[in-house]
Amino acid sequence: MPPPAGLAPWPTPSTTPLASPTPTRPPPRVRVRPPQPTLPPPPPYTRVRLPPPAPTPPPKPRLEPAAPNPSPTATSPPPPPATVSASSSSSTCLDCVHFGKCSGCTHETDLDKPPVLQEVSNFFRGHGVGDFTFSRGRLFEWRCRAKLAVRGTPENPLIGLYQEGTHIVTDIPECRAHHLSINAAVKLLKQGISELNVQPFDEDAGTGELRYVQMAVTTYNTSIPVAKRYEQGKVQVTLVWNSRDERSKNAEKLSLLIEFLWKNGGPKSNVHLIHSIWANFQTSTSNIIFGHKWRHLKGERDLWERYGGVDISLDPCSFGQANTLSFNALLHKLHKYVPRGSTVVDLYSGAGVIGLSIAASRKCRSVKCVEINKQSKMSFEISASRLPTNLGCTITWHNTDASVEPLHWLEGSSVVIVDPPRKGLHPTVISALQNIALSERKAFKAKSSLTKVKDEKRPWILRAREAAVHVDNTTIEESSETWPETLIYISCGWESFKKDCKSLISSKAWQLENAHAFNFFPGTDSIEILAIFKRESEADQKKKKKLKKKKAK
């Protein structure tokens, strides 16, 4: 076909074949060895006397999970305590910008080894405990409950802790111990204070509007995977307002602040941060943080959390552990020491977290919870309502002081659990536990001789013994022949525990068998103790005596 008009004719295709490239081989590789240096001849052999080896320092706690240890012998000392790691972070340094100013943390290195750990390990080893373990837990962002003072000015509010030995507040917006949701909620609260011109409390003048704030995180959310629940925790905010009630003059500003928090952090905001908002009204000039009046104002009323395998609801006025992850680890360990079918009394029970979890997991016949704080009653009732209906366990909650006639609560129970405040057990409770064998013998003699036991007639004692909450309608007759053979002691005060432990052991009524420690407060010298004491009942002692007599014959 000819080319179009005005264009040059088509080029004639070449008939010469294309030359294929000739493959070339690379030159062979030649390995050239560098010249070897000439070494001098070795020196003549001489004999050198070495100094004796230095004494081996005591072994440090291992960083691997605990393993069963053989019982200690006289020739081989027991191994050091096993340290169970529950933190994914390899760093054990605090690295907090507030350290040194804030009174919350006392040391910034070796967060996985509290300074008191070695003393604790040596103490239990000296008392024959060979399986002592220590759980380090989560080292950062572990605190899920915080009470913070509010000071400063509306333009520059300070929300944090007092400096050591003073009432000067240190602002801690980037606290590494706080759950990240607490730090975010504090930031939002500061913004609201500045925009609405809320006056922080002035201690010297007694003026101002916002005195304190309590933040409590819940990780209870069944709509998301378990692995994400902790990081996406929601915050229950309690504002401690400087007025008598919500009808005071400055109540309008309280309403505006609540609306601001709910609008910018509630379920309809860009980031759902706030679970609920409460108000507490306090006008006292003392150092007591909370007043007696509480009001639920926004969000869900009940703050649910999963403890020891059961759902627990905690009001803002009820005591709750700050480190929920480590507390769950302690409960998991504690359950193993409660025999199935036991009758349990839980002294210093609070809202009944320990008692309810044991009732559900160990199929107990009965659980009695004794607590002096009457405000914990509602939390106990709400939590108990979620227990399975087929437990077959009678659960009661008693609003009374456990130190008043403690023998009444010990009688009829096979397991006693004590979780006292930092100062330790009351002397009357210690005395009752020391003399428990004597009480058991008296009860046995009273029954065998058919002597009439004097009935209690004092009305205030009878009222205290009545159950304020009774979960199951099943009635179980308590036998005076049953007395505790297992004592489970949970302690947050190491010094008071040492004193109580020595008192219990010196009476020879109890023997210390197991002990575990938990890192509830990384960055401090505090340590949580779980100790198990055992006692031989009067019946077991008589059986042993009979066996010895038979063998002697």
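## Cores, rings and annotated sites

Leu239 touches Leu189, Leu210, Tyr212, Val213, Leu254, Leu257, Ile258, Leu261, Trp278, Ala279 and Asn280, when residues up to four places away in sequence are not counted. The model examined here is a predicted one. Within it, Leu239 is among the residues with the most contacts inside the largest nonpolar core, together with Leu189, Leu210, Val213, Met215, Leu334 and Ile488. This core has 74 residues. Domain 1 (145-306) and domain 2 (323-445 + 460-544) both give residues to the core, so it lies between them. A second core, separate from this one, has 39 residues and includes Val129, Val418, Ile436 and Cys501.

Ile488 offers a good view of the largest core from another of its well-connected members. The residue is found in strand E17, which covers residues 486-491. Is Ile488 buried or exposed? Its relative accessibility is 0%, so Ile488 counts as buried. Leaving aside neighbours within four places in sequence, Ile488 is in contact with Leu334, Tyr337 and Val338, with the run Val415, Val416, Ile417 and Val418, and with Leu530, Ala531 and Ile532. One of these partners, Tyr337, is 151 residues away from Ile488 along the chain, and yet the C-alpha atoms of the two are separated by 8.2 Å.

Aromatic residues add another layer to the picture. The structure holds 13 aromatic pairs. In one of them, the ring centres of Trp494 and Phe497 are 5.9 Å apart and the planes meet at 25°; since planes under 30 degrees apart count as stacked, this pair is stacked. Where do Trp494 and Phe497 lie? Both belong to helix H12 (residues 494-506), where they are three residues apart, about one turn of the helix. Trp494 has a relative accessibility of 7% and therefore counts as buried, and Phe497 is buried too, with a relative accessible area of 0%. The pair Phe520 and Phe521 is edge-to-face, with 6.3 Å from centre to centre and 65° between the planes. Phe520 and Phe521 are both buried.

Trp494 and Phe497 also join a wider group: one aromatic cluster is formed by these two with Phe123, Phe124, Phe132 and Tyr489. Rings can have charged partners as well. The charged end of Arg386 sits over the ring of Trp304, 3.6 Å from the ring centre. For Arg535, the charged end sits over the ring of Trp510, at 6.0 Å from its centre.

Which residues does UniProt list for "binding site"? The unreviewed entry gives Gln321, Tyr348, Glu371 and Asp419. Two of these can be followed further. Tyr348 is placed in the loop between strand E12 (343-347) and helix H6 (353-361). Asp419 lies in the loop between strand E15 (415-418) and helix H9 (427-434). At 18% relative accessibility, Asp419 counts as buried, because buried means under 20%.

The two listed residues also meet each other. Leaving aside neighbours within four places in sequence, Tyr348 is in contact with Val370, Glu371, Val418, Asp419, Pro420, Pro421, Leu425, His426 and Val429. Among these contacts, Glu371 and Asp419 are themselves on the UniProt list for "binding site". Counted in the same way, Asp419 is in contact with Leu347, Tyr348, Ile354 and Ile490. Val418, one of the contacts of Tyr348, belongs to the second core and is in contact with Ile488 as well.

Technical notes. Residues numbered from 1 in each chain as written. Predicted model: local features only at pLDDT ≥ 70, side-chain atom pairs only at ≥ 80, totals over all residues. Heavy atoms only, no water. Phe/Tyr/Trp six-rings, centres within 6.5 Å; stacked < 30°, edge-to-face > 60°. Helix = DSSP H or I, 4+ residues; strand = E, 2+ residues; numbered from the N terminus. Buried < 20%, exposed > 50% of the residue type's maximum accessible area, 1.4 Å probe, protein only. Lys NZ or Arg CZ within 6 Å of the ring centre and 35° of its normal. Contact = heavy atoms within 4.5 Å. UniProt positions renumbered as here; feature names shortened; annotations may be inferred. Core = buried A, V, L, I, M, F, W, Y, C linked by side-chain atoms within 4.5 Å. Domains from an automatic or database assignment.
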